Structures are given as structure tokens and as C-alpha cells.
Amino acid sequence: MARLQPLEEQARRLREQIKQADHQYYVLDQPTLPDAEYDRLMRELQAIEREDPELQTPDSPTQRVSGSPSREFQEVRHAAPMLSLNNAFSEAEVTAFDTRAREALRRAGNEVSEIEYACELKFDGLAVNLRYERGEFVMGATRGDGAVGEDVTTNIRTIRSVPLQLATHAPEIVEVRGEVLMFKREFERLNQRQRAKELREYANPRNAAAGALRQLDSRITAERSLRFFAYGVGEILGATEPPTHAGLLDWLVTLGVPVAGEREVASGVAGCINFYDKVGRLRARLPYEIDGVVYKVNTRAQQQVLGYVSRAPRFAIAHKFPAQEAITQVTGIDIQVGRTGALTPVARLVPVFVGGVNVTNATLHNEDEIRRKDIRIGDTVTVRRAGDVIPEIVAVVPDRRPPNAATFRMPTQCPVCSSKVYREEGEAVARCTGGLVCAAQRKESLLHFAGRRALDIEGLGDKLVAQLVDGGLVRTPADLFGLDVATLASLDRMAGKSATNLAAAFERARSTTLERFVYALGIRNVGESTARDLARHFGKLAPILDATEAELLEVPDVGPVVAGSIRNFFAEPHNREVVAELRAAGVCWPENEPIRTPAGKLAGKIFVITGTLPTLKRDEAKALIEVAGGKVAGSVSKKTDFVVAGDDAGSKLAKANELGVTIIDEAQLQKMGGD
């Protein structure tokens with residue numbers, strides 16, 4: 001039998017495994033352990049440390065989150081000042097910087113024709129100083145005013161990309177300088193959580209990171225998933241610094257410190273500008289925000305010759321990208337209708353130069369977003385543009401609001417086709433109901449109508465549809481059946497044989513099935529399965545056209561949202577007209593007697609499932625309800641009869657309480673739906 005390891009050895013082994021996994025995930029972005037295995041190792045280590053608290057070391061992964069909030073931040077005087085950088089906003093300013101540097105080196109007897117520069121990213125985060133003594137992390141501080149910062153050691157410890165212990169060849173003392181930031185994906189998740197809690201959203205990742213790092217309760221900091229990248233050093237004792245800045249960054253990597261991979265050594269201004277252009281093209285795809293690049297004279301001996309001026313080094317400069325945020329005014333709000341019928345409000349702006357282009361409009365996403373940000377026509381606003389991303393309004397400048405600022409209202413009729421606009425419960429997007437007639441949706445609806453699983457009109461692809469629509473030959477799907485061979489042959493890249501084949505495909509499509517026809521109409525939320533259920537349940541088209549919402553809810557797998565979509569579609573006169581035109585054009589199918597599913601114990605009852613149930617998976621609970629004749633909806637409304645709540649039930653449970661909906665648990669559900 002193998003001899004058990006002492007607890008001390010087990011703890012050491014676990015710490016090393018977790019430390020390696022953290023480095024792979026947070027520094028190299030190459031995870032090696034599944035989440036479940038990582039969690040198992042962490043729980044095992046926590047259990048050992050609880051059993052023998054003396055085995056808990058300061059650099060243990062379990063100490064990444066402290067137990068109690070701090071009362072305040074203490075001041076820290078930096079051993080070496082944390083300087084800021086001068087900025088360049090044009091190639092001419094970079095050239096001037098390079099000229100000054102070469103001239104200063106020449107006067108000092110170090111004349112060079114071309115300076116070698118270390119080029120790296122300028123992160124849009126919060127500068128910090130990490131102090132290590134004998135390889136152990138002992139203190140983290142913000143930049144502050146450059147001379148004095150704030151002690152945020154406890155919060156820094158929660159950042160898993162920050163090593164708590166450096167490699168064995170670490171010097172006696174080393175201060176690592178770099179940037180704390182929040183990745184874009186974590187920023188989006190943070191704001192999603194803020195919205196769910198109806199709390200204020202953060203304007204950008206930098207503000208979110210800065211706010212997280214200055215939390216008095218480090219448990220909150222730990223939840224924000226901050227990252228760290230090094231770009232330099234402060235005080236060093238017990239080691240000889242590499243002769244170049246690029247070498248210094250490589251040395252930090254060998255110590256286990258994260259350094260961004262987007263860096264290179266370049267020669268002269270041309271090399272720097274090439275790096276700037278390359279990063280500019282890459283910028284939108286980076287997982288974090290940057291606002292420029294930094295050029296540093298690479299040779300440290302030359303850095304010392306150039307020295308410092310005021311609070312900035314003469315040997316480095318930040319080449320900033322064009323501003324991504326600017327102030328302007330909303331002059332109006334228009335509505336754009338997308339190819340799926342979604343109505344998107346768009347702000348018309350006083351033109352402003354932001355992100356390298358003149359911006360005249362910005363997306364407002366949806367009506368809820370306008371309400372949440374309280375954007376009104378006439379407001380002065382902050383506009384943001386990142387890379388090729390569509391500009392958006394970040395926030396209103398409230399103290400500049402004019403007295404006559406007008407509140408926006410979503411139209412009740414589509415601005416393109418005048419069909420009714422509706423918004424499904426639980427959705428933020430309003431949509432046009434004129435799917436078969438709306439010009440904005442025309443090409444998409446025709447392609448869907450002709451699809452293989454719909455009427456299967458072979459040869460009618462997107463390019464041909466575009467020709468037919470743009471040429472004014474087809475307005476609705478019914479118009480397809482009026483096209484003859486001569487008309488088709490007159491189209492670009494349409495030979496006589498192709499025209500004949502397409503006309504024959506139209507003829508074949510006249511004979512179809514009811515389920516294919518219903519699916520071809522492109523009713524929102526009605527897929528092939530639902531179309532088949534509708535055809536079986538009603539047998540004929542007429543009762544589907546006139547079915548009430550209650551009657552639609554009797555169809556298997558049709559819940560309140562789907563029933564509402566069907567009713568809204570057929571309540572629009574334009575859509576019914578096109579259906580009549582299609583019948584008049586000869587589109588037909590066999591009609592049958594209805595095939596009804598016997599009513600179960602839960603017939604007519606609408607359920608919503610939320611949280612984690614004790615024994616049933618979500619799909620199993622849904623199947624139990626549907627077998628008994630009930631319906632499962634995705635959101636809680638006044639029409640909901642029961643909410644089945646498990647552990648960690650969230651906003652749906654709160655909504656059910658608010659509306660007075662009956663709440664049951666898994667045991668009650670099984671009793672209701674059982675034999």
C-alpha cells in the first residue's frame with residue numbers, strides 16, 4: 001500500500017498545481033485544466049488549510065480573496081517615481097520626438113542615424129506598482145500622483161494573473177510596474193449583472209477596473225475578474241538589469257510576470273509608424289481596450305543619457321489613437337427597420353470627429369436602452385466609437401439638457417410599410433408585423449419562402465432575389481408566380497435554359513403541403529416543428545388564420561409567445577392579402593381533418609421553470625408538463641399559471657411574486673403532472 005503524503009507535502013503540491021493552472025489561464029491564455037478539476041483542487045487545498053491553519057501560506061491561492069473589508073487605503077510613497085508619458089497625436093509629432101532624441105544623443109557624444117525603439121501597447125487601465133521581496137509579493141499600490149499612491153495590496157492579491165511568488169531566480173527586491181485592466185468580455189458580463197440588479201452600468205472597462213481596484217471590500221474586487229500586464233520596473237536590488245527595454249520585458253516573463261505579446265523592436269520613425277498601423281488594424285480584435293501605443297528608446301544606456309523632463313521621460317512617448325469618445329448633440333431619433341423586422345432607433349447627431357471618422361449618427365439599440373440612459377432629442381451626449389464598431393451613445397450630459405428636450409416614443413406603425421408594430425413580452429426589440437409586404441424585410445422573406453424546407457423553389461438564390469426586388473419585379477411572394485420565361489431570361493446572367501428551369505420550379509412549388517406553406521410564411525417563432533403541429537391540429541388554413549390565442553395554445557408546443565406571434569402576423573391585413581394572392585396564384589395543398597392530442601391533466605395551464613431543480617433537469621421538467629398537456633413559457637406574465645422554482649431562482653421568481661403567480665416546487669409539479 002502506498003504511503004500517504006504528509007499534509008504539508010499535499011498542500012505544497014496542490015498550491016503548485018493551482019499556481020500553474022492560473023498561469024496557463026490568466027497569463028498565457030492557454031487553459032490546461034477543466035473548471036471542475038480546478039475547483040476540486042481548490043476545495044482540497046481549502047480543506048487541508050482548515051484542518052491545519054499553520055499550513056496556510058501568504059501566497060496560497062486560497063488567499064486570493066480576503067475575508068473582511070478594509071476601512072481605508074493607506075498612502076504609499078514610491079521608492080522610484082511613477083512617471084507619466086508625453087503624448088503624440090500625429091506622425092509629425094512622433095518625428096519631432098525622434099529628432100529631439102537623436103539630437104540630444106548627438107550632443108552627448110552618442111550620435112546615431114536611427115534609434116532602435118521598443119514598441120508596446122498603451123493600455124486603457126489603471127497603473128500600479130507591485131513590490132516583490134525575495135520573490136514574494138508584499139505590496140501593491142496605485143500610481144496616485146506619481147510620488148505617492150494608495151496601498152491596494154489586498155485587492156491586487158485577488159487578480160489571478162498577478163503572481164504571488166516569482167520564479168526562483170528573482171532578485172532580492174523588484175518592483176514591477178504595469179496596468180490593471182478589465183477584458184471586454186468581463187466588462188459586458190459585469191454590466192449584464194448590473195442591469196439584472198437594476199443598478200448603474202459602467203461607462204467603459206477602464207472605469208470598471210478602477211472602481212474595482214479601489215473597493216474597500218476585496219471580495220467585490222475578486223468578482224470583477226481583473227487582469228494585469230507589466231510594462232516596466234521600479235526599484236531593483238540584487239540583479240543586473242538587461243541592457244535593453246525589450247530584454248527587460250523578456251526577463252519579467254521568465255520571472256512569471258504577464259507581459260502582453262503585442263510588442264516588438266523597431267528601427268526609426270518608419271518602424272514605429274508601421275507598428276502603430278499594425279496595432280490599429282488589430283485593435284478591435286484585442287480582448288482589452290487600448291488607446292494608443294508606446295515607443296521607448298530600447299537601449300537603457302541611451303535612456304539614461306536622455307533622462308527626464310518634469311514628470312515624463314525624454315526617451316519615451318505615447319502615440320495616441322484618435323479619440324474614441326466625444327461630446328455632441330442629438331438632433332433627432334429615426335427608426336431603421338432590419339431584414340427580420342426589428343425596429344432600431346438611431347440618433348441623428350451634430351457631426352463630430354471621433355475614432356478617426358466624422359460621426360453623424362449612433363445606434364440606440366432599443367426603446368428600453370433609451371429609457372435607461374434617459375436620452376432625449378436635444379440632449380448633449382457622449383458618443384463612443386471603437387474600431388469598426390457602430391457608434392453608440394454612452395451617456396447624457398444632464399446639466400446641458402435644454403428645457404424643450406423631447407422624449408422619444410416608439411412608433412406603433414412600421415415607418416416602411418405602415419404595418420402594426422408589436423413587442424413580445426420579455427423582449428427588448430419591437431418588430432414590424434408586415435413580414436410579407438415590408439420592403440425592409442422583402443429580400444429575407446422571399447429567400448425564406450423559397451427555401452428548401454419551405455416551398456423549395458430551386459434556383460432562386462440571394463443574387464437573383466436581389467435583382468427581382470431591386471428591379472421592381474417582385475414585391476411579395478405572390479409576385480413570383482406571375483414571372484414568365486421571357487421576363488426571367490431578361491435578367492442579368494440568366495440564360496434561356498436557366499429561365500425555363502426556374503419557371504418550372506415556380507410551377508412545381510404551386511403544389512405543396514399545409515405545413516410547408518405555414519413555415520414558408522416566415523412567422524416569427526414558427527419553425528418547421530411548430531408549422532407541422534399547426535397543420536395537424538387544424539387540418540386546414542382557414543382555422544389557423546382565425547384562431548384565437550386560446551385556441552392556438554391548445555396546439556402541442558405552442559406557448560404564449562408563439563401564439564402571440566401567430567396572432568399578430570395574421571391580424572395584419574397586409575399579410576392576409578398576400579396569403580389570398582398566393583391562393584389565387586394557384587398555390588395549393590391537400591387539406592385534412594384535424595388531428596387533436598387528447599387533453600391532459602395540465603391542459604391549458606402555462607408554466608415557467610426557473611432555478612435548479614433537485615432531481616429533474618430543465619428538459620425533463622418541461623417534458624413532464626407537456627406530456628400532461630401543459631405549456632412551458634420562457635418568461636413570467638399575467639397569463640402564467642405556475643412558476644416552478646428551484647435553487648438560485650432569479651428575476652423570474654421575483655416577477656412571479658410581483659404578479660401574484662402561484663409558485664410551486666419540483667415535488668408539487670410531479671404530483672400535479674403524475675398519473
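Let me begin with the lining of the largest cavity in this predicted model, where the residues divide into seven nonpolar, no polar and three charged; here Ala, Val, Leu, Ile, Met, Phe, Trp, Tyr, Cys and Pro count as nonpolar, Asp, Glu, Lys and Arg as charged, and the others, Gly among them, as polar. By cavity I mean a set of points, on a 1 Å grid over the protein atoms alone, where a 1.4 Å probe fits but cannot get out, and lining residues have an atom within 4 Å of a point.

Residues are numbered from 1 along each chain as its sequence is written. Because the model is predicted, local features need pLDDT of at least 70 and side-chain atom pairs count only at pLDDT 80 or more, whereas totals for chains, interfaces and linings use all residues.

Which residues line the largest cavity? They are Glu-120, Leu-121, Phe-123, Ala-230, Tyr-231, Leu-249, Val-259, Ala-260, Glu-262 and Arg-263. Strand E3 (116–123) and strand E8 (226–237) each supply at least two of these residues, and E3 gives the most, with three; strands are DSSP runs of E with at least two residues, helices are runs of H or I with at least four, and both are numbered from the N terminus.

The volume of this cavity, meaning the space filled by probe spheres set on grid points that are joined across faces, edges and corners, is about 70 Å³, and a search of the whole structure finds one cavity of 30 Å³ or more.

Turning to the whole protein, there are 24 helices and 24 strands, and the C-alpha atoms fill a box of roughly 95 × 70 × 60 Å, taken along the principal axes.

Terms used. Heavy atoms only, no water. 1 Å grid on protein atoms, 1.4 Å probe; cavity = no way out; pocket = protein on both sides within 12 Å on 5 of 7 lines; lining within 4 Å.
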